[in-house]
Amino acid sequence: MQYAAINGNVVHMAAAVVPVTDHGFLYGLGLFETFRTYQGVPFLLERHLERMAAGCAELGIPFTTTVEEVKDWINRLLQANGLSDAYVRYTVSAGEAALGLPSGDYENPNHIVFVKALPEPSPSLYEKGRLLQCLSTVRNTPEGNIRFKSLHYMNSILAKRELNGFGKLAEGAEGLQFTREGHVAEGIVSNVFWVRQGVLHTPSIDTGILPGITRAAVLELAAYMGVASVEGLYTWDELQEADEIFLTGSVAELVPVTTLRGQNGNETIISNGHIGPVTAALLGMYRQKAGYTS
């Protein structure tokens with residue numbers, strides 16, 4: 001990753017800076033979206049920008065960026081970095097303002113776009129799945145009515161540190177967080193789904209989870225396939241009874257979970273250690289919609 005885009009200008013990473021008086025730096029006031037490209041085209045970009053615009057409106061950050069502008073930034077960054085497809089992070093920080101909490105809306109936000117090579121998944125990841133480790137770090141409640149994908153990421157960082165503390169036992173694993181009431185919430189960087197007796201389940205937005213873009217797309221694909229889905233409040237015990245489990249994210253797509261590990265170290269094997277049929281069908285449809293080619 002040699003180049004980034006700052007307010008539409010492609011610059012070398014060394015020049016990709018914002019002022020220390022930017023409230024994104026001072027107070028974590030800003031939002032970001034992560035997604036990937038398929039054959040150079042950012043997938044579900046319109047939805048990501050809609051979520052960004054809604055969050056900016058609530059935070060008093062002007063947002064007038066168009067889909068075509070972002071596509072242009074990404075195209076130029078792909079060329080500058082010598083990439084055909086990439087992991088993309090688009091950040092909007094509040095911009096410069098006086099020291100102290102704001103008394104009004106912001107005027108000049110900073111737009112930053114990074115692209116980097118897509119992670120190379122293990123050849124067996126989408127067949128044999130990964131481990132989902134139960135964490136004690138509670139998912140914090142949203143800043144507003146709905147969780148923002150905000151620059152204030154401390155809760156997820158603490159959860160990641162807890163996961164790292166398991167060492168080799170959790171290599172390649174995702175961590176699962178719960179609400180203070182003990183309901184299944186989400187992964188550190190993913191939404192969680194499971195199948196039980198042919199019905200697709202996922203935690204309700206009422207748990208305070210991020211309303212993931214891929215999460216919404218999967219619910220739509222399930223409806224198209226005729227798979228019933230339920231959003232609700234669930235416990236760890238209910239998750240252990242699942243026939244299939246998978247995680248969703250805009251870069252990772254749909255990743256099967258084949259092992260659950262509790263805080264006591266007890267493990268539950270899911271779908272005999274392999275991707276389940278509903279997960280496989282949804283992953284196939286998702287990739288077809290995205291224009292994926294292996």
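Is Ser271 buried, partly exposed or exposed, and what is its relative accessible area? In this predicted model, Ser271 is partly exposed, with a relative accessible area of 23%, a value that falls between the limit of under 20% set for buried residues and that of over 50% set for exposed ones. The residue is located in the loop that links strand 15 (267-269) with helix 8 (277-290), and its backbone adopts a positive phi of about 45°, although Ser271 is not a glycine.

A positive phi is also found at Asn7, which is likewise not a glycine and for which the angle is about 50°. Asn7 belongs to the loop between strand 1 and strand 2, and its relative accessibility of 37% places Asn7 in the partly exposed class.

The two strands that flank this loop form a hairpin, with two residues between them and with Asn7 in the turn. Strand 1 (residues 3-6) and strand 2 (residues 9-12) run antiparallel and are joined by four bridges; within this pairing, Ile6 of strand 1 faces Asn9 of strand 2.

Strand 1 is also paired with strand 6 (residues 110-116), again in an antiparallel arrangement, through two bridges. Here Ile6 has Ile112 as its bridge partner in strand 6, so that Ile6 is matched with Asn9 in strand 2 and with Ile112 in strand 6.

Conventions:
Residues numbered from 1 in each chain as written. Predicted model: local features only at pLDDT ≥ 70, side-chain atom pairs only at ≥ 80, totals over all residues. Heavy atoms only, no water. Pairing = 2+ DSSP bridges. Buried < 20%, exposed > 50% of the residue type's maximum accessible area, 1.4 Å probe, protein only.
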